[in-house]
Amino acid sequence: AVNKKKAEKRKKIAQKDIVLEESDIPTKNVVQNIKLFEWEAPDRHAFKFEEKTFYIVLAVSMLFVLFLAILGNYFLMACVIALLFFIYVAGTNKPTKIKHRITARGIDTGNHLYEWFVLDNFWFSIRDGQYFLIVETKLRYPRALIMLLDGSDKDAIFVLLQEKILYKDIRKQGRIERLTYGDYIPFDQI
């Protein structure tokens, strides 16, 4: 009997014989994860590996490691050797291609979605002819998303991102930032 009564009430609501009251509770709008733009790029900047340069760096580093061994600073020795290993691996292995997506919910890179409320601002830079999209986050890790892109994709990405987050204005770029990210592209030149 209860089920019959509920079924009758559902029919009357569907036929709009009964009008439901509006709720005072605010409803949350649901945003679907619709792909707006997608591009494929290497996961990191290609490190140019030259054997002669590496041998020079290796010789200087080994002299430094020998000096650290005399001083008994073994932890720092291990750090220098680990750094040499990283340089060797980064120079001999080619970067892999990954897909980056800008969706209605945020930026999806490396199969991880960063929603718009987590993202702070963005900017473009260029180093050795390669364009970078740097999106700073409000998270502790990662502090910034660094994505490589083609020069032709830059304008389309700018149009999509400017509606959601702010383009960062960098008046003076430090030397370390220039080495890390490349040269900042001002808003006027986009």
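**Figure 1. Salt bridges in the predicted model.** This structure is a predicted model. The count comes to 7 salt bridges. Lys35, Glu38, Arg101 and Asp108 belong to one network, joined by salt bridges that share partners. The next three views show individual pairs.

**Figure 2. Lysine 35 meets glutamate 38 in a salt bridge.** The N to O distance between the two side chains is 3.2 Å. Lysine 35 is partly exposed, at 47% relative accessible area. Glutamate 38 is also partly exposed, with a value of 30%. Both residues are members of the network that includes Arg101 and Asp108.

**Figure 3. Arginine 101 pairs with aspartate 108.** Their closest N and O atoms lie 3.4 Å apart. Is aspartate 108 buried or exposed? Aspartate 108 has a relative accessibility of 14%, so it counts as buried, the cut-off being under 20%. Its partner, arginine 101, is partly exposed, with a relative accessible area of 22%. This salt bridge therefore joins a buried carboxylate residue to a partly exposed arginine. Arg101 and Asp108 share the network with Lys35 and Glu38.

**Figure 4. Arginine 105 forms a salt bridge with glutamate 115.** The closest N and O atoms are 2.6 Å apart. Where do the two partners sit in the chain? Arginine 105 is in the loop between strand S2 (97-103) and S3, while glutamate 115 is in strand S4. The two residues are 10 residues apart, and the pair links distant parts of the chain. Arginine 105 counts as partly exposed, at 30% relative accessibility. Glutamate 115 counts as partly exposed too, at 25%.

**Figure 5. Four residues form a nonpolar patch on the surface.** The members are Phe64, Phe67, Leu71 and Leu76. Together they have about 390 Å² of accessible area. Which helix gives the largest share of the patch? Helix H2 (residues 51-71) does, with 3 residues. Leucine 76 is placed in helix H3 (residues 74-92). At 35% relative accessibility, leucine 76 counts as partly exposed. That value is over 30%, so leucine 76 passes the accessibility cut-off for patch members.

**Figure 6. Asparagine 111 has a positive phi.** Its phi is near 55 degrees, and the residue is not a glycine. Asparagine 111 lies in the loop between strand S3 (106-109) and strand S4 (112-115). How accessible is asparagine 111? Its relative accessible area is 75%, so asparagine 111 is exposed, the cut-off being over 50%.

**Figure 7. Aspartate 128 also has a positive phi.** Here too phi is near 55 degrees in a residue other than glycine. Aspartate 128 is found in the loop between strand S5 (119-127) and S6. Its relative accessible area is 63%, so aspartate 128 is exposed.

**Figure 8. A cis peptide bond leads into proline 142.** The bond runs from tyrosine 141 to proline 142. Its omega is near -5 degrees. Where does proline 142 lie? Proline 142 is in the loop between strand S6 (130-137) and strand S7 (144-149).

Note on methods
Residues are numbered from 1 along each chain as its sequence is written. This is a predicted model: local features need pLDDT of at least 70, side-chain atom pairs count only at pLDDT 80 or more; totals for chains, interfaces and linings use all residues. Side-chain values use heavy atoms; hydrogens and water are left out. Helices (H or I, at least four residues) and strands (E, at least two) are DSSP runs, numbered from the N terminus. Buried means under 20% relative accessible area, exposed over 50%, partly exposed in between (1.4 Å probe, protein chains only). Patches are made of residues with over 30% relative accessible area and no salt bridge: like charges are joined within 9 Å, nonpolar side chains (Val, Leu, Ile, Met, Phe, Trp, Tyr) within 5 Å. Accessible areas come from the Shrake-Rupley method with a 1.4 Å probe; for residues, only the protein chains shown count as cover.
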